[in-house]
Structures are given as C-alpha cells and as structure tokens.
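Here are a few short exercises to work through with the coordinates open. Try each one yourself before reading the solution.

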Amino acid sequence: TNKNKKKIKKKLREEQEQEQEEVGLVRMKQSVAITLVATLVAMFLNLKGVQATYGVDVSQATYENAWSCLKSNGYTFGIIRCYESIGKPDSKCPHTIYNAWDSGMEHVDIYMFPDPTAGNPAGQVDSMVNYLAQYNIKPKGQKPATYGMLWLDIEGPQYWTSSQTTNRNFFSGLVSQAKSHGIPLGVYTSASQWGPIMGDWSGGSAFPLWYAHYDGSASFSDFRPFGGWTRPAIKQFNGDKTVCGAGVDLNWYPSGITFNATIIE
C-alpha cells in the first residue's frame, strides 16, 4: 500500500542519513588522527633539530685516554688553559692540545687567564703565542697543531687592579694584540665577575660570551643580559668535576651556534 511504501522510503532515508553521519564521523576522526600524527612528527623533527653540544675545559695535563673516554661519553669539544694567572704560559697546554685532537675532539679552543697586575697585556699575549709556536701550534692551522679560539678569562676581582679604567685598558690591550696575531676571540666571564672588574662597560660584547653559572642545567634559560651581551655562546654549568679520571668543568651550547674559527682539516 502507499502507506507501507512511504514507511519504507522514510526508513531508507533515515538509514541513509544515519550512514552519512557515520561516514562524516569516521572522516572527522581520520582528519583528527592525521593532524595529530603530523603534529607529533613535527615535534619529533623539531626535537631532533635542537641537539646539544657538550664539552669540557681543563687547567691541568689531560692525556689521550681521558680525552677518548670523554669523547665516548658524549663530550665533543675541549677548552684548554694556555696562560696562567701567575703571568706565564701553561707548560701543560701544548701536549694537552695534541692529546685532545688526537683523541677525536671536534673542537679544541684555548683560554688565557692573564695577570692584570703585571701590566703589559701585549707582552703576555705574545708570550703565550710564542710558547705555543715552539710546539708548532698556531691559530687557524692544521690539526692537531692548532686551536679554534682564544677565550679571555675575566674573573676574580682579586687578580685585577682596583681601577676599572686600568682594567678596561688592559683588556683592550689583550684584544688588540690577539687580533694582531689573527686569533679569533671570545670572553669567559659572568655578571658577578665582569661588573666588579670592568663596571658598566660593554667593551667585550663584540665577542662571543662563555659564561659560568653552576646550576647544573644545560640551558640558557637562566641567562640575563650584562656588559652589553644579550645572548651567550657557551654555558659552563658545572665545575670542579672528575670525569674519566680528568679534572674538568662541564660546558654546553645548543647545536646551530657557530662561533668556532675555521680550522684546516
């Protein structure tokens, strides 16, 4: 009958509408799933892109077995003291440079702890450069007889004069003489050290900053601008540690920061 036909058509229509709703729900779920997967993939790729680079600095003789152990534990750069605060080149530096390169370090830099009270900043730089040259070690040379950068260690107000003007002039003398040798420069310091020594002065801010804050965190989240620096290059986040039998300080920087000088392979 016509009534039965109408009921059948109505039922079919309702079934079609229900089916369409179900298809719509399935498609919506698929779209959400695809979006979620895409988001997770993007997050994964971003996380892979933000990789960290770890390294150590040393102020004592460090041998190949220690550097090899450090490399196998994820440390890929070393910064070696080559001038001491008592006003002379560090005799342990040359062999430690060779040992670091020979053990597979990807970057090897040096640092200078000057003697400000002795004056003659140019002579101190020359003394270190000439001492390294006796071992055929030169900036921008060939591995292993080279180093990437020279970091000027500005800390310990007790090692400096009471005159910030004198301290600034001494620092400028170090910079000028290092530049005359073609040495790429960076500055190691922190707000608590720079201020008492140099005052409110931005004379070092043209160079990469390696700062110290022993909070155990491999992150720049703690950094606050000072001395003209608005962002750092390296963080020394832990000090006076023994790793692989070597006395080291622990350092970190996020991958993607480029400040090391080009070294001939």
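**Exercise 1. Decide whether Asn120 is buried or exposed, then look at its backbone.**

Step 1: In this predicted model, the relative accessible area of Asn120 is 52%. The cut-off for exposed is over 50%, so Asn120 counts as exposed.

Step 2: Now place it. Asn120 sits in the loop between strand S4 (107-112) and helix H4 (121-133).

Step 3: Check phi. Asn120 is not a glycine, yet its phi is positive, about 55°. For context, most residues other than glycine have a negative phi.

**Exercise 2. Find out where Asn136 lies and what sign its phi has.**

Step 1: Asn136 belongs to the loop between H4 and S5.

Step 2: Its phi is near 65°, a positive value in a residue other than glycine.

Step 3: Asn136 has a relative accessibility of 57%, so it is exposed.

**Exercise 3. Work out whether the peptide bond from Lys143 to Pro144 is cis or trans.**

Step 1: Read omega, which is near 5° for this bond.

Step 2: That makes the Lys143 to Pro144 bond cis. Most peptide bonds are trans.

Step 3: Pro144 is located in the loop between strand S5 (138-139) and strand S6 (146-147).

**Exercise 4. Trace the salt bridges around Lys88 and Lys92, and say how buried the partners are.**

Step 1: A search of the whole structure gives 6 salt bridges. The idea behind them: side chains of opposite charge can pair when their charged atoms come close.

Step 2: Lys88 pairs with Glu84, with 3.3 Å between the closest N and O atoms. Lys88 is partly exposed at 36%, while Glu84 is buried at 14%.

Step 3: Lys92 pairs with Asp90, and here the closest N and O atoms are 3.2 Å apart. Lys92 is partly exposed at 30%, whereas Asp90 is buried at 1%.

Step 4: Next, take the salt bridge between the side chains of Asp222 and Lys235, at 2.9 Å from N to O. Asp222 is in the loop between S9 and S10 and Lys235 is in strand S10, so this pair ties together parts 13 residues apart in sequence. Lys235 has a relative accessible area of 0%, so it is buried.

Step 5: Look for shared partners. Arg81, Glu84, Lys88, Asp90 and Lys92 are joined into one network by salt bridges that share partners.

**Exercise 5. Describe what Ser219 reaches and touches.**

Step 1: Ser219 is in the loop between strand S9 (209-212) and strand S10 (234-243).

Step 2: Its side chain reaches the backbone nitrogen of Ser221 at 2.9 Å.

Step 3: Leaving out residues up to four places away in sequence, Ser219 touches Tyr211, Lys235 and Trp252.

**Exercise 6. Classify two aromatic pairs, Phe220 with Trp252 and Phe223 with Phe226.**

Step 1: The structure holds 17 aromatic pairs. Phe220 and Trp252 have centres 4.7 Å apart and planes at 75°, an edge-to-face pair.

Step 2: Phe220 lies in the loop between S9 and S10 and Trp252 in strand S11 (residues 246-254), so the pair ties together parts 32 residues apart in sequence. Trp252 is buried at 8%.

Step 3: For Phe223 and Phe226, the centres are 6.1 Å apart and the planes are at 55°, so the pair is tilted. Phe223 is buried at 10%, and Phe226 is buried at 12%.

Step 4: Put the rings together: Phe171, Trp194, Trp201, Tyr211, Phe220, Phe223, Phe226, Trp229 and Trp252 form one aromatic cluster.

Key:
Residues are numbered from 1 along each chain as its sequence is written. This is a predicted model: local features need pLDDT of at least 70, side-chain atom pairs count only at pLDDT 80 or more; totals for chains, interfaces and linings use all residues. Side-chain values use heavy atoms; hydrogens and water are left out. Helices (H or I, at least four residues) and strands (E, at least two) are DSSP runs, numbered from the N terminus. A polar contact is a pair of N or O atoms within 3.5 Å; within protein, one must be able to donate a hydrogen and the other to accept it, and residues adjacent in sequence count only if both atoms are side-chain atoms. Contact means heavy atoms within 4.5 Å. Buried means under 20% relative accessible area, exposed over 50%, partly exposed in between (1.4 Å probe, protein chains only). A salt bridge is a side-chain nitrogen of Lys or Arg within 4 Å of a carboxyl oxygen of Asp or Glu. Rings of Phe, Tyr and Trp (its six-membered ring) pair if their centres lie within 6.5 Å; planes under 30 degrees apart count as stacked, over 60 as edge-to-face and the rest as tilted.
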